[in-house]
Amino acid sequence: MPIHMDIMRLDRLVVFVARGHVTAEEIAESIRALVEANVPGFAKIVDVTGSASELRREQVERIAALLRGGPEGSPRGPVAFVVNPQRTGFAEAFAEVTQGERPIELFSSLHAARRWLKEAAVGGSSAPGSLHQGLRIRD
């Protein structure tokens, strides 16, 4: 499977790494595994720099609905996507579809994503980045 998931319970962090061509079914399978792991409040890093997908908006909306399917009132952790700023894909579409539901940011480096999650845990924020397709990507 081109999506690998690691859950670090001590750090309250889930890391996804996607490689190659990723289908909506593979993303949905990973989301189901995440929901079954019962870690909605954990921070998430989703590295999609080495992957590509051709999902339609309605597919992204269905994936977002799977994540909303957890226990009512469960806190949902922040999501840091690590993206290739030279192209758009799932991360940008997901951030748009779920805007306002939880903290979601796009980053061009794993280091910046980890720093933001650490700052988000204590209520801080990092400096603004650049705009890409109307969404901010932090450096």
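This text leads the reader through the fold, the pockets and the aromatic rings of the protein shown above.

The structure is a predicted model. Its secondary structure consists of 4 helices and 7 strands. Read from the N terminus, these elements follow the order β-β-α-β-α-β-α-β-α-β-β.

The next point is how the chain comes together. Consider the contacts between residues with a separation of 6 or more: 72% of them join residues that stand 24 or more positions apart. Of the 139 residues, 42% count as buried, a term that stands for a relative accessible area under 20%. The area that the protein exposes is about 7600 Å², and 52% of this area is supplied by carbon and sulfur atoms.

Attention may now turn to the pockets. The largest pocket holds about 420 Å³ of space. Its lining is made up of 28 residues, and those closest to the centre are Val46, Val48, Phe81, Phe90 and Ala91. Several elements give two or more residues to this lining, namely the strands β2 (13-21), β3 (43-52) and β4 (79-82) and the helices α1 (24-36), α2 (57-68) and α3 (90-97). Among these elements, β3 gives the most, with 5 residues. In chemical character, the lining of the largest pocket comprises 18 nonpolar, 6 polar and 4 charged residues.

The second largest pocket contains about 330 Å³ of space. It is lined by 13 residues, of which Asp11, Ala43, Leu117, Lys118 and Ala121 are the closest to its centre. At least two lining residues come from each of β3 and α4 (110-121). In this pocket α4 gives the most, with 5 residues. The lining of the second largest pocket divides into 8 nonpolar residues, 1 polar residue and 4 charged residues. The strand β3 thus appears in the description of both pockets: it gives two or more residues to the lining of the largest pocket and at least two to that of the second largest.

The last topic is the aromatic rings. The structure holds 4 aromatic pairs. One of them is formed by Phe81 and Phe90, whose rings lie 6.1 Å apart, centre to centre, with 75° between their planes. This pair is classed as edge-to-face, because the angle between the planes is over 60 degrees. Phe81 and Phe90 are both buried. Ring pairs also bring in Phe94, so that Phe81, Phe90 and Phe94 are linked into a cluster. Two members of this cluster have already been met, since Phe81 and Phe90 are among the residues closest to the centre of the largest pocket.

How values were computed:
Residues are numbered from 1 along each chain as its sequence is written. This is a predicted model: local features need pLDDT of at least 70, side-chain atom pairs count only at pLDDT 80 or more; totals for chains, interfaces and linings use all residues. Side-chain values use heavy atoms; hydrogens and water are left out. On a 1 Å grid over the protein atoms alone, a cavity is a set of points where a 1.4 Å probe fits but cannot get out, and a pocket is an open set with protein on both sides within 12 Å along at least five of seven lines; lining residues have an atom within 4 Å of a point. Grid points are joined across faces, edges and corners, and a volume is the space filled by probe spheres set on the points. Ala, Val, Leu, Ile, Met, Phe, Trp, Tyr, Cys and Pro count as nonpolar, Asp, Glu, Lys and Arg as charged, and the others, Gly among them, as polar. Buried means under 20% relative accessible area, exposed over 50%, partly exposed in between (1.4 Å probe, protein chains only). Contact means heavy atoms within 4.5 Å. Accessible areas come from the Shrake-Rupley method with a 1.4 Å probe; for residues, only the protein chains shown count as cover. Rings of Phe, Tyr and Trp (its six-membered ring) pair if their centres lie within 6.5 Å; planes under 30 degrees apart count as stacked, over 60 as edge-to-face and the rest as tilted.
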